[in-house]
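Open the model in your viewer and keep the selection tool at hand. The stops below say what to select next and what is there.

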Amino acid sequence: MSIVVEYILMIVIVLFTLTTIAAWLIWVERRMLALWQDRYGPNRAGPFGLLIVVADTIKLFFKEDWIPPFADKAIFVVAPTIIAATVLMSFVVIPYAPGILIADLDIGLLFFLAMSSLGVYSIVLGGWASNNKYSLLGALRGASQMISYEVFMGLSLMGVVMLSGSFRLSDIVYAQTEYWFILTQPVGFAIFMIAGIAETHRLPFDIPEAESELVAGFHSEYSGMKFGMFFIGEYLGITLISAMVVTLFFGGWLGPGFLPPLVWFILKTFVFILFFVLLRASLPRPRYDQLMEYGWKILLPVALLNLLVTGAIVLMMTK
């Protein structure tokens, strides 16, 4: 019984922490964008504008929860929950520190890839159920972008699996005790990072929701908390990819002993969250055809070459 209570308590803590981080990132992103673009950010609602998050949350709760009469109502309602649910499920297998995780699965890395793949259903169903041509175009863009870049994301991680000899994320962290995999897999890291940006459809790869072309893309018809679910899912996705980068390439919780392992994990993850924000402040959006061409003509060959070279080196070292 105590084990069950312990698991439930861990799930509640992780869920509360993640939703709090997702809300807090709204303020972090606006402040950082203002800093890098040399302008004022949120600075009126509370100290340093911190209460802007509370104001946005209240606004979402009190907005009219409108369902277009021309929409497929059942699918329209379900679609926003899928992206939040799949992202939250991915956090189940992430080891935050020794003994601090929910499920230490043997196939943890495969579980993460599976959950990230399911997230595309949210975009496709949301765009299709809206019965809006702009939403449908955004959904089609999002589906092709996410499905394509999942291929490169999976291939980029096979080098890490070869070096650690395991799909279990905690084993991958322990395998980096002597050196982080960023030193031996810099190409895999670069490909995973680019694919992660495309998976979260953040700038510069926010093509599924390009405001200048598609109004707001796949969530054009959404309002209130249904739109808020898409919004939360996006920020949770940023946190997830940042946490996975840290786990797979930067030693997870490993670090000098003057800080607890959990603090090291949080600090490393926050650095990559800031990197996501910096991209939005500095890079333009490519065309849709450029995005797809870049993936299939450049990332795929490079990922396969990295896999081949890593396999050859591992084979030579084992002989």
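## Stop 1: helix α4

Select α4 together with α3, α5 (120-129), α6, α7, α8 and α10: these helices are among what covers the buried residues of α4. The model is a predicted one. Now narrow the selection to residues of α4, which spans 108-118. Its buried residues are Gly 108, Leu 109, Phe 111, Phe 112, Leu 113, Met 115 and Ser 116.

## Stop 2: α3 against α4

Keep α4 and add α3, residues 73-90. The two axes come within 8 Å and cross at roughly 170°. That angle is over 145 degrees, which makes α3 roughly antiparallel to α4. To see the contact, colour Ile 82, Thr 86, Met 89 and Ser 90 on the α3 side, and Phe 111, Phe 112, Met 115, Ser 116 and Leu 118 on the α4 side. By class, six of the residues in this contact are nonpolar and three are polar, with no charged ones.

## Stop 3: α3 against α10

Hide α4 and show α10, residues 224-249. Two packed helices are described by the angle between their axes and the distance between the axes. Here the angle is about 20° and the axes lie 9 Å apart. The helices α3 and α10 are therefore roughly parallel to each other. The crossing of α3 past α10 is left-handed.

Which residues of α3 and α10 meet? On α3, select Phe 76, Val 77, Pro 80, Thr 81, Ile 83, Ala 84, Val 87, Leu 88 and Ser 90. Their partners in α10 are Lys 226, Met 229, Phe 230, Gly 233, Leu 236, Gly 237 and Leu 240. This contact of α3 with α10 has eleven nonpolar residues, four polar and one charged.

## Stop 4: the loop before α3

Move to Ile 67, in the loop between α2 (52-62) and α3. Is Ile 67 buried or partly exposed? Its relative accessible area is 27%, so Ile 67 is partly exposed. Neighbours within four places in sequence aside, Ile 67 is in contact with Lys 73, Phe 76, Val 77 and Lys 226. For a distance check, pick the C-alpha atoms of Ile 67 and Gly 99: they are 32 residues apart along the chain and separated by 44 Å.

## Stop 5: the nonpolar cores

The largest nonpolar core has 66 residues. Select Leu 109, Phe 112, Phe 192, Met 244, Leu 248 and Phe 249, which have the most contacts inside it. Helices that each supply at least two residues of this core include α1 (2-36), α11 (261-282) and α12 (288-318). The largest share, eleven residues, comes from α10.

Centre the view on Phe 192. Not counting residues up to four places away in sequence, Phe 192 touches Phe 112, Met 153, Ser 156, Leu 157, Ile 241, Met 244, Val 245, Leu 248 and Phe 249. Another core lies apart from the largest one; it has 13 residues, among them Phe 76, Ala 79, Ala 143 and Phe 230.

## Stop 6: two loop residues

Finish with two loops. Asp 38 lies in the loop between α1 and α2, and Asn 131 in the loop between α5 and α6. Asp 38 has a positive phi of about 55° although it is not a glycine; for Asn 131, also not a glycine, phi is positive at about 55°. Asp 38 is exposed, with a relative accessible area of 73%. Asn 131 is exposed as well, at 52%.

Notes
Residues numbered from 1 in each chain as written. Predicted model: local features only at pLDDT ≥ 70, side-chain atom pairs only at ≥ 80, totals over all residues. Heavy atoms only, no water. Axes fitted to C-alpha atoms, helices over the stretch in contact; angles between N-to-C directions. Helix = DSSP H or I, 4+ residues; strand = E, 2+ residues; numbered from the N terminus. Parallel < 35°, antiparallel > 145°, perpendicular 65-115°, else oblique. Left-handed = near helix turned anticlockwise from the far one by under 90°. Contact = heavy atoms within 4.5 Å. Nonpolar A, V, L, I, M, F, W, Y, C, P; charged D, E, K, R; others polar. Core = buried A, V, L, I, M, F, W, Y, C linked by side-chain atoms within 4.5 Å. Buried < 20%, exposed > 50% of the residue type's maximum accessible area, 1.4 Å probe, protein only.
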